[in-house]
Amino acid sequence: MTPVSKPNYHSPIQASAESISAPLAQLLFASAEALAAVQAGRSLTQALGLVNLSLRSGVQALTYYAMRHWGLASALRDWAVKKPLENPITRELIALSLLLLDVSMQKNESAEPASPQSPYLDQAPLYGAHTLVDQSVQAARMVRGGQKPVGLEAQAKLVNAVLRRFQRERPQFLAAVKEDPLATYAFPLWWQQKLKKQYPAQYVEIMHASRLPPQLTLRVNRRRATQQEVVSAFIEKGYTAQAISEWAIMVQGGGAIERMPGYEQGWWSVQDLGAQFAAPQLKLKSGMRVLDACAAPGGKAAHILEIANVDLTAVDLSAARLERVQESLTRLGLDGDNVTILPANILKPDAWWNGVPFDAILADLPCSGSGVVKHHPDILWLRRQEDVANLAKQQRHMLDALWPLLKPSGHLLFVTCSIFTEEGERQIEQFLSRWPDAKRCDATGILLPQSPMGEGQPGHDGFYYALLERQA
Ligand SMILES: C[S@@+](CC[C@H](N)C(=O)[O-])C[C@H]1O[C@@H](n2cnc3c(N)ncnc32)[C@H](O)[C@@H]1O
């Protein structure tokens, strides 16, 4: 096994002023820089990886919140600043600071009217308005790498002018963006239209649920601990924890995942409740040959191995991501001789398959991620409309490549973390019309993202699940 460094997991973001203790100007600058990187096409995870460690958790809190409300932030900025801003960091700094100033004025000064982020204020980072304006102006004077760009002072003046104007004219700003659906729902317009067409009765609730931060949900490794042992270990350390399904535990209380009780011992893994629906639907029995066709980072592969003593082949195109599979199977005590981890392309089985058919295949395929906005709000601003059709086409080719690898009477579970029908129901209808030996079995189908619903209901991401049996 190749040694790898530990993944840098953090529990879900519940930003609060207390959690953000670094100097605010530095946090704002580093956050604006990360937001500019997302606008340039980088994922927030990648952008955060470049942030100085001392600032990272504060920047993470600010940027995750900002991405969930970026429609409002950018609409306020674009209304106030009509001419194009050349410096991308100043551009995002103004949007971020306007968003935070709107929080501050609502929370500290009970300002009227409400804004589109009003229902989410209890998750919002809170600063005093005066501090925020002052520190945003300081942030506009910061530069990376030493060389001061021309016009830096002019940018600081612009930031000062826009934020002070917002303080004076907040109602006018809000009135100007009131009819803008981007500001209201913070989903790109093409995405809103698609949801409205595909889920006319639920689309507003879907967007709302997707903008609430996730609760921390764990899956217990029943080979190492019982649910009760895990719950007790958390409670003993001062967390709130409760069992919420056969495998899942919901935990409240912050801190680094690696320092939580039972992590080192492999008692549990972090996994969204919706993702925990996958492995149990595969009808696993000991001795089966199982293929996890797109295995990395390995959450569902580990669940398969926790359920039954199967022979598992875990394939993924990315050797780097497969290192995370290996690492988590080792931590969980699941990396026996029954597991083969294989960097390979599932579109080309001739290059890696030995010709012995599988009893079960998990096809958790690459997708738009439209169901997991809760955990990855940057997806909203990274994804392009044309990506959905391209990904659906890729999924079709992958399903066609995998189907002949399945034994007669075997089962293939198709999974995407998308709620777009092109990557769900429509994909499967088309598959069934191409493959007459495929029969659809009972499965979860569409699982829409859900908000936490009080005690013992952590909410979950959105997924699509279809189970197919190969007819003899
Ligand atoms: C949705 S993720 C899988 C998540 C994983 N099942 C889990 O539960 O942790 C999709 C994976 O497909 C992999 N992938 C993309 N194209 C592939 C290909 N042609 N062959 C094999 N794996 C591929 C990606 O590297 C990515 O890790």
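## Exercises on a predicted model

Ala-472 is exposed (over 50% relative accessible area, with a 1.4 Å probe and protein chains only), its own relative accessible area being 94%. The model is predicted, so local features need pLDDT of at least 70 and side-chain atom pairs count only at pLDDT 80 or more, while totals for chains, interfaces and linings use all residues. Residues are numbered from 1 along each chain as its sequence is written, and side-chain values use heavy atoms, with hydrogens and water left out.

**Exercise 1.** Determine where Ala-472 lies and how far it is from Gly-410 in sequence and in space.

*Solution.* Step 1: Ala-472 belongs to the segment after β11 (463-470); helices (H or I, at least four residues) and strands (E, at least two) are DSSP runs, numbered from the N terminus. Step 2: in sequence, 62 residues separate Ala-472 from Gly-410. Step 3: in space, their C-alpha atoms are 9.0 Å apart.

**Exercise 2.** Describe the span of helix α6, its buried residues and what covers them.

*Solution.* Step 1: α6 (residues 129-140) has twelve residues. The expected span of a helix is 1.5 Å times one less than its number of residues, and for α6 this gives 16 Å. From first C-alpha to last, α6 reaches 17 Å, close to that value. Step 2: buried means under 20% relative accessible area, and partly exposed lies between the buried and exposed limits. In α6 the buried residues are Ala-129, Leu-132, Val-133, Gln-135, Ser-136, Val-137, Ala-139 and Ala-140. Step 3: their cover includes α1 (24-39), α5 (88-109) and α7 (152-177). Step 4: contact means heavy atoms within 4.5 Å. Leaving out residues up to four places away in sequence, Leu-28 touches several residues, among them Leu-132, Gln-135, Ser-136 and Ala-139.

**Exercise 3.** Locate the largest nonpolar core relative to the domains.

*Solution.* Step 1: a nonpolar core is a set of buried Ala, Val, Leu, Ile, Met, Phe, Trp, Tyr and Cys residues joined through side-chain atoms within 4.5 Å. Step 2: the largest core has 112 residues, and Leu-28, Trp-191, Leu-195, Ile-304 and Val-310 have the most contacts inside it. Step 3: domain 1 (17-180) and domain 3 (274-470) both contribute residues, so this core lies between them; the domain bounds come from an automatic or database domain assignment. Step 4: a second, separate core of 25 residues includes Ala-293, Ala-344, Ala-363 and Leu-468.

**Exercise 4.** Establish whether helix α12 is enclosed or open, with the reason, and examine the loop before it.

*Solution.* Step 1: seven of the nine residues of α12 (residues 299-307) are buried, so the rest of the structure largely encloses this helix. Step 2: those buried residues are Lys-300, Ala-301, Ala-302, His-303, Ile-304, Leu-305 and Glu-306. Step 3: Pro-297 lies in the loop between β5 (289-292) and α12. The peptide bond from Ala-296 to Pro-297 is cis, with omega near 5°.

**Exercise 5.** Identify the closest residues around the ligand and the polar contacts of Ala-296, Asn-345 and Asp-364.

*Solution.* Step 1: a residue is near a molecule if one of its heavy atoms lies within 4 Å of it. The ligand is surrounded by 19 residues, of which Gly-298, Asp-316, Arg-321, Asn-345 and Asp-364 are the closest. Step 2: a polar contact is a pair of N or O atoms within 3.5 Å. A polar backbone atom of Ala-296 is 3.1 Å from a ligand oxygen atom. Step 3: a polar side-chain atom of Asn-345 lies 2.8 Å from a ligand nitrogen atom, and one of Asp-364 lies 2.7 Å from a ligand nitrogen atom.

Notes: Polar contact = N/O pair within 3.5 Å; in protein donor to acceptor, adjacent residues only side chain to side chain.
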